[in-house]
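Me: I am new to this structure and would like to understand the terms as we go. Could you take me through them?

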Amino acid sequence: MTVKLERRNGIAVVTIDNPPVNALGRAVREKLWALAGELDEDPSVRAVVLTGAGKLFVGGADITEFDRPVEPPGLPELIARIEAAAKPWVGAIRGVALGGGLEITLGCCFRIATADARFALPETTLGIIPGAGGTQRLPRLIGIDHAIGVVAENLTLDAAHAVELGLVDRLVDEPLVDAAEAFVLEALERPLPEPVSRRPVAAVDPARLQEAEARIRRAARGAAAPPLALAALRFGLEHGFASGMANERAVFLKLRASPEAAALRYLFFAERAALRPADMRGITPFAIGRVGVVGGGTMGVGIAAALRNANLPVVLVERDETSLARGMAALAAVFQAARKKGGLSEAEAERRIGAVTGAVGYAALAECDLVIEAVFEDLSVKRAVFAELGRICRRDAVLATNTSYIDPRLIAAGLPEPGRFIGLHFFSPAQVMKLLEIVPTPATRPEVLATAFDLARRLAKIPVRSGICDGFIGNRILRRYRTEAEVLLRDGVSAAAIDAAMRGFGFAMGPFEMQDMAGLDISFLYREAARSRGETVPETPGDLLVRAGRKGQKTGGGWYDYAPGDRTPQPSAEAARILAPMQAPPQTLAPEAIVERLLAAMAAEGQAILAEGIAAIPTDIDLVEVHGYGFPRRRGGPMFQASRAANRTQDGN
Ligand code: 3HC
Ligand code: NAI
């Protein structure tokens, strides 16, 4: 049963019951369409309450239908039908009303909501624009300024704000249907309001619109949908409701079939699947209450902040009082920065830092359910830490390392219970970056693995399981990407051309700019260590720069020069001179060719990673790249790109 009908006191209660999110799939639309006609004809019905079964109203159109042609009745027609109904329809909303879920309420005569209701049009995050009147009805109901944020900037309105803006007519308590019934009986006593589509809309201030356009284009970083959502809104204001609707639908349908929307849908489903790996079903994770973090440097502080953002109490352990004070100050600074940005109240910032216990020495970790080590990347230092943890922590506590490169089996060697050990590879800044690479060893118990996935869910991270290899999934692909960029450089293509091409593709930075920011010395030291072990590691262009003291932004220059206090890369004559012995005569390569070369290298490494069983499925590799390495989301990931390229080749044949 997708839609249920109940009659009470002259009111028809229509409940969309289509788990998991009451999406407006074809069956739901058909049933609502039929009911709209039936209830119009029914003399015993005075009004209709439209609500959703379970914890939410409606999560939107059914995204799984977007790879097929639209199956009638279309959502715009259904909403128009509801708006034109002979009896007033009242949207009764608890939980989220998203996308088509919000749009269908805009066709209703009234909207009431419980305090937990939230309203948004997240279509642009799927590479489309609202396609069932969102860009046309919303500005007529809440005004242009607020509508712009919702339509084109993925702004969510909570219930209180929605009441303030006139989107919601009344805030009510549960039971929702009883409240709806009482509201309707009152409302029927008064003249009904104009349908939203017929309401006037205030004139637009062109300067404000221009400002919004510039802001949205900047934030979109090349993504098509957000500026088009604003353009659709504007078109309707200038040409009237009917033309606005026709235009909105045409743009929606065009975008729905675009590669960008396909990539974003692919990631939408991949992200959800990543949280629930098939082989973890039925395995109960351990309960995690208190978490210890060892090492209060860059990563330890970020990890502690991520844990506190998920409301987990934290014990932060450092090696001495000075390092502890530095780590605690850095942690407080994270929350103060969030407060200044407006994301946290002063009291909440205080509360988050207040639940962190700082300590020198491991005794404070005795009661932790999970301890995450983030000390120096040095096997002997890490082993010494785990020897202590093995002694002090409860025997059922999970012990994790945040190592980037060291084989976790070497770190775990000597632990009394290696089954409780696992790699949890966070990315910097750990309170921001979504990726969590989960690296079990052959000895890791399934419950420990399940606990890692559960933790990722609680921290709102995207978990990806990686097998053990040098650099795990992400850093291994990064190395291949950088190596390929250096091959191009040696062939005479300039660093600036390579960086510009990758920025054009959608990365925030190209490979050389990124290295300048992170520092060239880390990978240099890594190669030097291999050389000192007697391994053959050929000299790279990056080595030449580091040997000349050019380690990146922190030394005023690397691949580029930087003026003091300015992070804008400037072409460097000195770098050119240093690199000259390793470079062929300058050559120009089209940006598309540069992008193709670098993506092909990433995908080839991805294939090797799959072949070796380091990653289980191609989507895992794409999730790593998108959530850990800045791969443009609207491009889906290197494996997605490779599969599209392969399909194009096949089609061409
Ligand atoms: N269509 C189809 N399936 C959907 C869906 C949708 N709109 N929204 C969620 N699902 C599926 C998920 O894929 C997942 O499936 P799985 O169990 O097989 O993995 C399941 O529903 C549960 O989803 P979540 O794990 O995300 O559940 P949560 O409870 O954490 O979140 C939610 C619920 C907030 C509704 C979240 O799912 C969400 O944000 N959904 C997408 C909302 C959205 O983008 N809506 C706009 C759609 S486009 C549209 O409406 C076009 C219109 O303008 C014409
Ligand atoms: P860092 O040098 O900033 O911090 C390490 C901290 O550990 C220092 O504050 C140090 O005082 C402390 N420490 C050292 N020995 C200790 C001990 N015995 N007990 C308690 N504390 C001790 O290093 P960073 O960058 O935070 O890296 C930590 C780990 O995270 C490393 O394994 C690194 O490879 C990994 N990592 C680093 C990333 C990054 O971008 N920096 C990304 C992902 C992982």
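Me: What makes the link between ligand 1 and Gly 100 a polar contact?

Reply: A polar contact is a pair of N or O atoms within 3.5 Å (within protein, one must be able to donate a hydrogen and the other to accept it, and residues adjacent in sequence count only if both atoms are side-chain atoms). An oxygen atom of ligand 1 is 2.8 Å from a polar backbone atom of Gly 100, so the pair meets that cut-off. This is a predicted model, in which local features need pLDDT of at least 70 and side-chain atom pairs count only at pLDDT 80 or more, while totals for chains, interfaces and linings use all residues. Residues are numbered from 1 along each chain as its sequence is written, chains are lettered from A and ligands numbered from 1 in the order in which they are written, and side-chain values use heavy atoms, with hydrogens and water left out.

Me: Which atoms of Ala 61 and Glu 103 face an oxygen atom of ligand 1?

Reply: For Ala 61 a polar backbone atom lies 2.8 Å from an oxygen atom of ligand 1, whereas for Glu 103 an N or O atom in the side chain is 2.7 Å from an oxygen atom of the ligand.

Me: How do you know how much of ligand 1 the protein buries?

Reply: Accessible areas come from the Shrake-Rupley method with a 1.4 Å probe (for residues, only the protein chains shown count as cover). Taken alone, ligand 1 exposes 990 Å², and the protein buries 73% of that.

Me: Why are Glu 103 and Arg 272 said to be near ligand 1?

Reply: A residue is near a molecule or strand if one of its heavy atoms lies within 4 Å of it. Ligand 1 is surrounded by 24 residues, and Glu 103 and Arg 272 are among the closest. The helix α11 gives the most to this shell, with three residues.

Me: How many residues surround ligand 2, and which polar contacts does ligand 2 make?

Reply: There are 25 residues around ligand 2, the closest including Met 299 and Lys 382. Among its polar contacts, an oxygen atom of ligand 2 is 2.5 Å from an N or O atom in the side chain of Glu 318, and another pair joins an oxygen atom of the ligand to an N or O atom in the side chain of Asn 402 at 2.9 Å. Taken alone, ligand 2 exposes 830 Å², of which the protein buries 80%.

Technical notes:
Helices (H or I, at least four residues) and strands (E, at least two) are DSSP runs, numbered from the N terminus.
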